[in-house]
Amino acid sequence: MSYVTAVLNQKGGTGKTTTTVNLGAALAYQGYRTLLVDLDPQGHTTIGLGIEPEAIRESMAEVMTVPKKRIQEVAMNTYILGLDVAPATIHLARAAEQVYTRVFREAILAQALTGLDYEFIFIDCPPSLGVLTTNSLYACDFILIPCQISRYSLDGLADLLTTIDSIKNLGVEELFQENIFRILLTMFDKRNRVTNEYILEQLKPYGDKTFNTKVMKNEALNQAQIAQKAIFDFDPRSSGAQDYLHLTTEFLEIWRKRNSLPASPPSLQSCR
Ligand SMILES: Nc1ncnc2c1ncn2[C@@H]1O[C@H](COP(=O)(O)OP(=O)(O)OP(=O)(O)O)[C@@H](O)[C@H]1O
Ligand SMILES: [Mg+2]
């Protein structure tokens, strides 16, 4: 059975795609079969792993609109062994409009994700709370919320949690008790002491719902996206690579606790 994580925040530019690509790549390098579902018409996860729009025959647009279209039919290998992408192109924006007319429209993705042969699946969501995001919430076991450190970064978090609450059909207490969601602080800059203190204070109620790992602001992560590579292949010594490796370890701990599993065997491939 696959463990499905939605990477989501309705705010733009918080590090969703960077996190999807690098967490996915780290897991694949550690020997886990991993699928990244690009559910954003911007297609940044797709492009970020070197798949150009011209190379895509079918994509998530078909999965969301053509009845019984299977993810296996659209998934593509990336240059990383064990890491596949179900790609997105701009056509997904149009497809999302058509989804509104389909029955059980919130469950289309969940249906399409059944019976896949991956250990981990990540869904890179668009920056909105529209039908694509609700599909990902419906389909996922876990929600990873990247938040950029800024004065307004936590605005909208309450709305997001209310949406999660209603789709997962949980009370607030359950939502906080279960291992359902975690906030990831991204683009953290130690020099911005006042802003950081403010945000960390605001986050206190979410203390144990925030990853210990903070992803520091790191230009190499930005450049890796431009170079269409995971950070481990672009600059493995960068702080970005180290931060995403720590995040991977923390993520695996949550997954093991949830499944009551012992520590995994040593990695099959190591991050370069
Ligand atoms: N830790 C970081 N340090 C420096 N730059 C970063 C970091 N994380 C992400 N970036 C850069 O910030 C920009 C936004 O990141 P990203 O594309 O991951 O956000 P997003 O939440 O997926 O955006 P969108 O909402 O548009 O999908 C990108 O140019 C990315 O390279
Ligand atoms: Mg993105």
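Start by selecting the buried residues of helix α13: Gly 240, Ala 241, Asp 243, Tyr 244, Leu 245, Leu 247, Thr 248, Phe 251 and Trp 255. Keep in mind as you go that this is a predicted model.

Now show the whole of α13, residues 239–259. The helix has 21 residues, and from its first C-alpha to its last it reaches 30 Å, close to the 30 Å expected at 1.5 Å a residue. Look back at your buried selection with one general point in mind: an α-helix has 3.6 residues a turn, so residues three or four places apart point the same way.

What covers the buried residues of α13? Switch on β1 (3–7), α1, β7, β8 (210–216), α11 and α12 (231–234), which are included in that cover.

Let's pick α1 out of that group. Select residues 16–29 to see α1, then turn the view until you can see how α1 and α13 cross. They pack at an angle of about 70°, and their axes are 9 Å apart. That angle makes α1 roughly perpendicular to α13. Which residues make the contact? On the α1 side, click Asn 22, Leu 23, Ala 26 and Leu 27; on the α13 side, click Tyr 244, Leu 245, Leu 247, Thr 248 and Phe 251. Colour them by class and you'll get seven nonpolar, two polar and no charged residues.

Stay with α13 for one more click. Just after the helix comes Ser 260, with a positive phi near 50°.

Next, head for ligand 1. There are 20 residues around it, and Gly 12, Lys 16, Thr 17, Thr 18 and Pro 127 come nearest. Which elements each supply at least two residues of this shell? They include α1, which you've just visited, along with β7 (181–188) and α11 (219–226). By class, the shell has 13 polar, four nonpolar and three charged residues.

From the ligand, follow strand β7 to Met 187. Its phi is near 55°, a positive value in a residue other than glycine. Is Met 187 buried or exposed? Met 187 is buried, because 21 other C-beta atoms lie within 10 Å and the cut-off for buried is 20 or more.

For the last stop, go to the loop between α11 and α12 and select Gln 228. Here too phi is positive in a residue other than glycine, this time near 60°. Gln 228 counts as partly exposed, with 18 C-beta neighbours inside 10 Å.

Key:
Residues numbered from 1 in each chain as written. Chains lettered and ligands numbered in written order. Predicted model: local features only at pLDDT ≥ 70, side-chain atom pairs only at ≥ 80, totals over all residues. Near = placed C-beta within 6 Å. Helix = DSSP H or I, 4+ residues; strand = E, 2+ residues; numbered from the N terminus. Nonpolar A, V, L, I, M, F, W, Y, C, P; charged D, E, K, R; others polar. Axes fitted to C-alpha atoms, helices over the stretch in contact; angles between N-to-C directions. Parallel < 35°, antiparallel > 145°, perpendicular 65-115°, else oblique. Contact = placed C-beta atoms within 7 Å. Expected span 1.5 Å × (residues − 1). Buried ≥ 20, exposed ≤ 12 C-beta atoms within 10 Å, placed from the backbone.
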